[in-house]
Amino acid sequence: YGADALRTYLMFAAPLELGVRWDEQGVPGTHRFLSRAWNITQEYLEASEVSLHKAQVKQVLSITHKAAKKITQDLEENRYNTAIAASMDAVNKLYLVKNKIPFGKSDAWQEALESIAMLIGPFAPHISEELWQQLGHSDTIHQDHWPQWQDEYLTEDTITLVVQVNGKVRAQLQVAADISKEDAIE
């Protein structure tokens with residue numbers, strides 16, 4: 001499975017201050033995660049050019065910008081297991097979005113995959129370096145590279161409004177995040 005899968009598992013298994021029992025499925029699990037990050041990058045490199053409109057760009061970049069903020073905070077507080085969980089979640093969300101909107105060479109997808117490579121760098125330095133090089137960089141990912149999040153990608157355009165009647169959920173509606181109380185009631 002390699003050193004990166006082992007390193008990632010050891011940091012993911014539990015908080016640093018707690019001991020952890022060895023789990024034979026742990027390393028294969030982190031290997032699958034790293035393989036997913038590898039595979040989406042390889043698919044991108046083989047894809048053709050695509051054009052995304054503004055909402056699609058936000059959909060892609062909001063995943064990595066939210067992950068960058070969460071992982072940065074977790075690393076600063078030595079919560080490696082939750083940082084790895086956030087990077088796993090980001091890769092999974094990119095796969096979901098990849099199937100809903102055009103996937104291929106574009107600035108948004110390039111930035112998203114570069115961010116993923118940077119975010120897994122502290123845990124999986126070898127694969128992140130290889131992905132970084134494949135994405136077109138000649139310098140090392142481990143020096144002076146870390147994704148910066150922008151607040152415009154952290155906010156949601158829609159929210160789920162839950163409708164209850166006599167304490168029972170009757171519907172869940174997707175509405176604009178800035179909806180007024182009167183419009184929501186209507």
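Arg-79 has a relative accessibility of 34%, so this residue counts as partly exposed. That is our way into a predicted model, and the exercises below start from this side chain.

**Exercise 1. The surroundings of Arg-79**

Task: Work out which acidic side chains form salt bridges with Arg-79, and which residues the resulting network links.

Solution:
- Step 1. Recall the general idea: side chains of opposite charge can pair when their charged atoms come close.
- Step 2. Apply the cut-off, which asks for a side-chain nitrogen of Lys or Arg within 4 Å of a carboxyl oxygen of Asp or Glu.
- Step 3. Check Asp-74: its side chain meets that of Arg-79 in a salt bridge, at 2.5 Å from N to O.
- Step 4. Check Glu-77: the closest N and O atoms of the Glu-77 and Arg-79 pair are 2.1 Å apart, and this too is a salt bridge.
- Step 5. Move on from Asp-74 to Lys-70, where a salt bridge has its closest N and O atoms 2.7 Å apart.
- Step 6. Put the pairs together: a network of salt bridges links Lys-70, Asp-74, Glu-77 and Arg-79. The structure as a whole holds five salt bridges.

**Exercise 2. Burial within the network**

Task: Sort Lys-70, Asp-74 and Glu-77 into buried, partly exposed or exposed, and explain how Lys-70 and Asp-74 are placed along their helix.

Solution:
- Step 1. Set the limits: buried means under 20% relative accessible area, exposed means over 50%, and partly exposed lies in between.
- Step 2. Asp-74 has a relative accessible area of 1%, so Asp-74 is buried.
- Step 3. Lys-70, at 35% relative accessibility, is partly exposed. Glu-77 also counts as partly exposed, at 49%.
- Step 4. Lys-70 and Asp-74 sit four residues apart in helix α3 (residues 54-76), so about one helical turn separates them.

**Exercise 3. Two helix pairs**

Task: Decide how α5 is oriented relative to α4 and to α6, then describe each contact.

Solution:
- Step 1. Start with α4 (residues 80-98) and α5: they pack at an angle of about 160 degrees, and their axes are 10 Å apart. Angles over 145 degrees count as roughly antiparallel, and α4 and α5 are therefore roughly antiparallel to each other.
- Step 2. Look at the crossing: α4 passes α5 in a left-handed one. From α4, the residues in contact are Ser-87, Ala-90, Val-91, Leu-94, Val-97 and Lys-98, while α5 brings Trp-109, Ala-112, Ile-116 and Ile-120. By type, the residues of this contact comprise eight nonpolar, one polar and one charged.
- Step 3. Turn to α5 (residues 107-120) and α6 (residues 125-134), which pack at about 155 degrees with axes 8 Å apart. This angle makes α5 roughly antiparallel to α6.
- Step 4. The crossing of α5 past α6 is left-handed. Here Glu-114, Ala-117, Met-118 and Ile-120 of α5 meet Ile-127, Ser-128, Leu-131 and Trp-132 of α6. Six nonpolar residues, one polar and one charged make up this contact.

**Exercise 4. A threonine in α2**

Task: Find out whether Thr-41 is buried or exposed, and which residues Thr-41 touches beyond its neighbours up to four places away in sequence.

Solution:
- Step 1. Place Thr-41 in helix α2 (residues 26-46).
- Step 2. Its relative accessibility is 2%, so Thr-41 counts as buried.
- Step 3. With residues up to four places away in sequence set aside, Thr-41 touches Leu-113, Leu-131 and Leu-135.

**Exercise 5. Positive phi angles**

Task: Locate Asp-144 and Asn-166 in the chain, and say whether each is buried or exposed.

Solution:
- Step 1. Asp-144 is not a glycine, yet its phi is positive, at about 65 degrees. Asp-144 belongs to the loop between α6 and β1 (158-165).
- Step 2. Asp-144 is exposed, because its relative accessibility is 74%.
- Step 3. Asn-166, also a residue other than glycine, has a positive phi near 55 degrees. The loop between β1 and β2 (168-176) holds Asn-166.
- Step 4. The relative accessible area of Asn-166 is 78%, so Asn-166 is exposed.

**Exercise 6. The whole chain**

Task: Give the order of the elements and the share of buried residues.

Solution:
- Step 1. There are seven helices and two strands, and from the N terminus they run α-α-α-α-α-α-β-β-α.
- Step 2. Of the 186 residues, 40% count as buried.
- Step 3. Take contacts between residues at least 6 apart in sequence: 65% of these join residues at least 24 apart.
- Step 4. Along the principal axes, the C-alpha atoms fill a box of roughly 55 × 45 × 25 Å.

Note on methods: Residues are numbered from 1 along each chain as its sequence is written. This is a predicted model: local features need pLDDT of at least 70, side-chain atom pairs count only at pLDDT 80 or more; totals for chains, interfaces and linings use all residues. Side-chain values use heavy atoms; hydrogens and water are left out. Axes are lines fitted to C-alpha atoms, for helices over the stretch in contact, and angles run from 0 to 180 degrees between N-to-C directions. Angles under 35 degrees count as roughly parallel, over 145 as roughly antiparallel, 65 to 115 as roughly perpendicular and the rest as oblique. A crossing is left-handed if the near helix is turned anticlockwise from the far one by less than a right angle, and right-handed if clockwise. Contact means heavy atoms within 4.5 Å. Ala, Val, Leu, Ile, Met, Phe, Trp, Tyr, Cys and Pro count as nonpolar, Asp, Glu, Lys and Arg as charged, and the others, Gly among them, as polar. Buried means under 20% relative accessible area, exposed over 50%, partly exposed in between (1.4 Å probe, protein chains only).
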